[in-house]
Amino acid sequence: MSYDLVVIGSGPGGYVCAIRAAELGLKVAVVEKDPTYGGTCLNVGCIPSKALLHASEMFEKAGHDFAGLGIDVGTPKLNLPAMLGHKDSVVESNVTGVAYLFKKNKIEGIRGTGAVAGPGRVKITDTVGEVSEIEAKAIVIATGSEWTPLPGVTVDEKRIVSSTGALSLPSVPKRMIVVGAGVIGLELGSVWRRLGAEVTVVEFLDRILPGMDGELAKQGQRLLARQGIQFKLSSKVAGVDDSGKVLKVAIEPAAGGDRETLEADIVLVAIGRRPYTTGLGLEDSGIALDERRRIVVDDHFQTTLEGVYALGDVIRGPMLAHKAEDEGIAVAEIIAGQAGHVNYGVIPAVVYTHPEIASVGKTEEELKAAGIEYRAGKFPFSANGRSRAMLEKDGFVKVLADAAT
């Protein structure tokens with residue numbers, strides 16, 4: 001079989017790239033190792049977590065805000081199986097939608113694990129281990145990322161869980177320890193806190209949400225603490241003893257010092273994600289990786305092997321689904337002979353806690369480091385009429401403007 005383009009991976013970057021290329025008249029195939037399309041984002045990431053975030057927010061509002069709005073419903077009762085069922089149905093509709101778009105755009109979906117076999121060749125190992133090869137004028141690697149393991153801690157997805165296991169806990173834990181105060185840890189920690197868990201977040205750095213504007217992170221931590229989430233910053237998890245009915249988590253100061261032990265029913269490991277670049281035949285094909293095992297690409301997303309491109313979480317830049325989508329469109333247009341381009345300066349970032357924390361553009365810290373003169377303007381939601389009417393008085397809008405222009 002021969003194609004104009006073969007995409008390895010069907011996450012947001014891969015499926016958007018495939019659809020755009022098909023729209024531009026290319027013959028396209030997508031190789032996907034999992035039973036459903038959509039990658040981490042649609043199956044065990046962005047989409048299911050947003051479903052649980054929204055549902056748990058509604059549960060919280062029903063218990064705390066409805067009475068003040070004149071809505072008497074009594075004490076809400078959690079039906080966790082139904083809430084998880086809602087999450088699963090949202091995932092199902094999204095992945096089914098991608099399959100429909102492939103069919104509509106005449107994109108061939110190939111089940112199996114793809115690898116680069118050389119210039120213009122993709123090796124596919126199917127679900128029973130049989131190997132075949134297809135030809136492609138262009139190949140795009142869009143295999144995304146996977147959760148990063150914590151050294152010395154074994155994830156069993158039952159009591160010690162990754163973000164995947166944290167989306168499907170069969171019951172609300174009494175005590176949950178979240179390792180990592182990044183986006184994933186705070187979002188999933190806030191879900192289970194709203195549903196009744198005592199949540200403690202352990203973070204190696206001296207702040208939450210590294211890379212985000214410092215003032216937003218500081219105020220975000222204050223609001224999350226007010227909601228009941230406890231924080232242990234400048235701390236690291238040295239080990240988890242899972243021999244008893246209760247998990248015993250050893251925590252030490254990041255700079256060294258006395259160890260303490262906390263008990264938990266669930267430990268969520270959320271220390272970040274790493275590019276999924278193993279088993280793709282990269283080294284054998286002469287495709288270069290950087291020190292973080294990300295695929296090295298030029299300004300046109302081409303790897304060190306001509307005709308092979310990469311995008312999304314496997315290359316430099318923030319690991320965001322919408323960043324991958326933007327790159328997917330750009331790569332498809334470049335392969336089709338057009339001028340694809342991504343403006344990285346306007347890619348937004350969002351943390352779906354409550355309140356949500358959203359930003360676009362440079363942070364104050366980045367402006368100071370670059371020596372750019374700026375002015376800051378802020379307006380609190382507590383002074384906004386609509387916010388007060390909605391009982392959403394927490395937070396603010398902050399605008400950073402060039403001092404001269």
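**Figure 1. Salt bridge between strands β5 and β6.** R121 is partly exposed, with a relative accessible area of 32%. In this predicted model, R121 forms a salt bridge with E133, and the closest N and O atoms of the pair are 3.1 Å apart. R121 belongs to strand β5 (residues 121-125) and E133 to strand β6 (residues 131-141), so the bridge ties together parts that are 12 residues apart in sequence. E133 also counts as partly exposed, at 43% relative accessibility.

**Figure 2. Salt bridge between helix α3 and the loop that precedes β21.** The side chains of K61 and E392 meet in a salt bridge, with an N to O distance of 2.7 Å. K61 is part of helix α3, whereas E392 lies in the loop between α11 (385-389) and β21 (396-402), so the pair ties together parts that are 331 residues apart in sequence. With a relative accessible area of 17%, K61 is buried. E392, with a relative accessible area of 22%, is partly exposed.

**Figure 3. Salt bridge between helix α7 and the loop between α11 and β21.** D394 and R226 meet through their side chains in a salt bridge of 2.6 Å, N to O. Here D394 is placed in the loop between α11 and β21, and R226 in helix α7 (residues 214-226), so the contact ties together parts that are 168 residues apart in sequence. D394 counts as partly exposed, at 31% relative accessibility, while R226 is exposed, with a relative accessible area of 55%. Elsewhere, D213, E215, E364, K378 and K398 are joined into one network by salt bridges that share partners. The structure holds 25 salt bridges.

**Figure 4. Packing of helix α3 against helix α4.** Helix α3 (residues 46-64) and helix α4 (residues 80-104) pack at an angle of about 145°, and their axes are 9 Å apart. The crossing of α3 past α4 is right-handed. On the α3 side, the contact is made by I47, P48, A51, L52, A55, S56 and F59. Helix α4 contributes M83, L84, H86, K87, V90, V91 and N94. The residues of this contact divide into 10 nonpolar, three polar and one charged.

**Figure 5. Surroundings of A62 in helix α3.** A62 is found in helix α3, the helix that also holds K61 of the salt bridge with E392. At 16% relative accessibility, A62 counts as buried. When neighbours within four places in sequence are left aside, A62 is in contact with V73 and P76. The C-alpha atoms of A62 and G228 are separated by 17 Å, and these two residues are 166 residues apart along the chain.

**Figure 6. Cysteines C41 and C46.** The structure holds zero disulfides. C41 is buried, with a relative accessible area of 11%. C46, by contrast, counts as partly exposed, at 27% relative accessibility. Helix α3 spans residues 46-64.

**Figure 7. Cis peptide bond at P355.** The peptide bond that runs from H354 to P355 is cis, and its omega is near 0°. P355 is found in the loop between β18 (349-351) and β19 (357-359).

**Figure 8. Positive phi at E157.** Although E157 is not a glycine, this residue has a positive phi of about 60°. E157 lies in the loop between β7 (145-147) and β8 (160-161). At 32% relative accessibility, E157 counts as partly exposed.

**Figure 9. Positive phi at L209.** L209 is a residue other than glycine with a positive phi, near 50°. This residue lies in the loop between β10 (198-202) and α7; α7 is the helix that holds R226 of the salt bridge with D394. L209 is buried, with a relative accessible area of 3%.

Methods. Residues are numbered from 1 along each chain as its sequence is written. This is a predicted model: local features need pLDDT of at least 70, side-chain atom pairs count only at pLDDT 80 or more; totals for chains, interfaces and linings use all residues. Side-chain values use heavy atoms; hydrogens and water are left out. Axes are lines fitted to C-alpha atoms, for helices over the stretch in contact, and angles run from 0 to 180 degrees between N-to-C directions. Helices (H or I, at least four residues) and strands (E, at least two) are DSSP runs, numbered from the N terminus. A crossing is left-handed if the near helix is turned anticlockwise from the far one by less than a right angle, and right-handed if clockwise. Contact means heavy atoms within 4.5 Å. Ala, Val, Leu, Ile, Met, Phe, Trp, Tyr, Cys and Pro count as nonpolar, Asp, Glu, Lys and Arg as charged, and the others, Gly among them, as polar. A salt bridge is a side-chain nitrogen of Lys or Arg within 4 Å of a carboxyl oxygen of Asp or Glu. Buried means under 20% relative accessible area, exposed over 50%, partly exposed in between (1.4 Å probe, protein chains only). A disulfide is a pair of cysteine sulfur atoms within 2.5 Å.
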